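Grab a pencil and work through these exercises with the structure on your screen. Try each task before you read its solution.

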Amino acid sequence: MRMNLRQYAGVLAVALTMTIAGGTVRAAAPASPQEQSRNQDYSKNKKYQQGVREGQNDNKRNLDHSKKRNFKKDDDRRAYETGYQEGHQGEQHR
């Protein structure tokens with residue numbers, strides 16, 4: 001059972017249409033929650049401020065992120081980590 005050229009072209013057209021439509025849907029989708037949290041302003045969050053202080057402290061002492069923290073809320077953990085990274089980067093990236 002050989003596929004003739006017309007059937008082959010039809011299958012190819014359907015496959016291309018599905019690929020293009022899938023890419024368009026993905027491009028039009030809103031940012032994921034992870035991407036949205038990266039852009040969130042934590043500057044007034046106490047855990048963020050704690051993270052900045054500890055990051056700056058570790059940067060001055062040339063230490064890495066050694067303390068393990070447990071947070072009740074996921075948002076507090078993200079705020080702390082964001083603050084720590086900003087504090088640890090210090091004056092290099094500002």
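**Exercise 1. How many residues apart are Asp 75 and Arg 78, and in which helix do they lie?**

Step 1: Find the pair. Asp 75 and Arg 78 both sit in helix H4, 3 residues apart, which is about one turn of the helix. Helices here (H or I, at least four residues) and strands (E, at least two) are DSSP runs, numbered from the N terminus.

Step 2: Know your model. It is a predicted one, where local features need pLDDT of at least 70 and side-chain atom pairs count only at pLDDT 80 or more, while totals for chains, interfaces and linings use all residues. Residues are numbered from 1 along each chain as its sequence is written, and side-chain values use heavy atoms, with hydrogens and water left out.

Step 3: Check the side chains. Asp 75 and Arg 78 form a salt bridge, with the closest N and O atoms 3.8 Å apart. That term means a side-chain nitrogen of Lys or Arg within 4 Å of a carboxyl oxygen of Asp or Glu. Side chains of opposite charge can pair when their charged atoms come close.

**Exercise 2. Which residues are joined into one network by salt bridges that share partners?**

Step 1: Start again from Asp 75 and its salt bridge with Arg 78. Salt bridges that share partners join Asp 74, Asp 75, Arg 77 and Arg 78 into one network.

Step 2: Follow Asp 74. Its side chain meets that of Arg 78 in a salt bridge of 3.2 Å, N to O, and these two are 4 residues apart in H4, about one turn of the helix. Asp 74 also bridges to Arg 77, with the closest N and O atoms 3.1 Å apart. Because Arg 77 and Asp 74 are 3 residues apart in helix H4 (residues 74–89), about one helical turn separates them.

Step 3: Look at exposure. Buried means under 20% relative accessible area, exposed over 50%, and partly exposed in between (1.4 Å probe, protein chains only). Asp 74 is partly exposed at 45%, and so are Arg 77 at 37%, Arg 78 at 28% and Asp 75 at 28%.

**Exercise 3. Is Tyr 80 buried or exposed, and which rings does it cluster with?**

Step 1: Read the accessibility. Tyr 80 is buried, with a relative accessible area of 1%, whereas Phe 71 is partly exposed at 21%.

Step 2: Count the ring pairs. There are 2 aromatic pairs in the structure. Phe 71 and Tyr 80 make a tilted one, 5.3 Å centre to centre with 40 degrees between the planes. Rings of Phe, Tyr and Trp (its six-membered ring) pair if their centres lie within 6.5 Å; planes under 30 degrees apart count as stacked, over 60 as edge-to-face and the rest as tilted.

Step 3: Build the cluster. Ring pairs link Phe 71, Tyr 80 and Tyr 84.

**Exercise 4. How many helices and strands does the chain have, and what share of its residues is buried?**

Step 1: Count the elements. You'll get 4 helices and 0 strands, running α-α-α-α from the N terminus on.

Step 2: Take the share. Of the chain's 94 residues, 18% count as buried.
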